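The report below follows the strand pairing of one model and then turns to a single residue. Please read it alongside the sequence and the coordinates.

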Amino acid sequence: MRLLLLLFFATQLTAQTLEVSGEVEKPLKLAPADLELLPHQTVDAVEHSGEKAQYTGVPLYQILKSAGVPMGEQLRGPALSLYIVVIASDGYQAVYALPELDPLANEGPVILADQKNGKPLDAATGPLRIILPKEKRHARWVRQVIKIEVRRAAKP
């Protein structure tokens, strides 16, 4: 029984760590305490169910910038062939182009939320979730995010 409890808690701790890897200058493993140190933003969004909610989290570009991914004025030329894959604990994946995430290139914020309406995300959704408030469909609102991989598009 103790072994099961230990495995359960180890799994919970691992699930709360966000890994950023791939074509980055500085691979990251961010614990919740690390994410708390990054700037946060609150956005209004409408759930798939139609419910209005406020999500709070770190703008995704801030995390990528911390890993040395080109953003802002550096996002040009060969850097435009980079994209990210966000991976959930159940293996679900979604792809985002870097300009979608960069505030100099796109108006809408994309955040890695850890709160909904001022409370931590529930176990079915969190501890981390991608929120794209202006996206009409929610297929890329990845729940239970554990990893972000930066990849480069193949040359033709």
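In this predicted model, strand β5 (residues 82–88) and β6 run antiparallel and are joined by five bridges, with Val86 standing opposite Ala94 in β6. The two strands form a hairpin with four residues between them, and Gly91, which lies in the turn, has a positive phi of about 95°. Along β6 (residues 93–97) the side chains alternate, in that Ala94 and Tyr96 point to one face and are buried, whereas Gln93, Val95 and Ala97 point to the other face and are not buried.

This hairpin belongs to an open sheet of five strands with mixed pairing, in the order β2-β1-β10-β5-β6. Its edge strands are β2 (28–30) and β6, each of which pairs on one side only, and the twist averages 15° from one strand to the next. Elsewhere in the sheet, β1 (residues 18–22) and β10 (residues 145–152) run parallel, and Ser21 has Glu149 in β10 as its bridge partner.

Two of the pairings are set out here.

| Strands | Direction | Bridges |
|---|---|---|
| β5 and β6 | antiparallel | five bridges |
| β1 and β10 | parallel | four bridges |

A separate strand, β3 (residues 41–46), contains Val43. Is Val43 buried or exposed? Val43 counts as buried because its relative accessible area is 7%, and the cut-off for buried is under 20%. Leaving aside residues up to four places away in sequence, Val43 touches Ala53, Gln54, Tyr55, Pro109, Ile111, Ile131 and Pro133. Of these contacts, Pro109 is 66 residues from Val43 in sequence, while the C-alpha to C-alpha separation of the pair is 8.0 Å.

Note on methods: Residues are numbered from 1 along each chain as its sequence is written. This is a predicted model: local features need pLDDT of at least 70, side-chain atom pairs count only at pLDDT 80 or more; totals for chains, interfaces and linings use all residues. Side-chain values use heavy atoms; hydrogens and water are left out. Buried means under 20% relative accessible area, exposed over 50%, partly exposed in between (1.4 Å probe, protein chains only). Two strands pair if DSSP finds at least two bridges between them. Contact means heavy atoms within 4.5 Å. Axes are lines fitted to C-alpha atoms, for helices over the stretch in contact, and angles run from 0 to 180 degrees between N-to-C directions.
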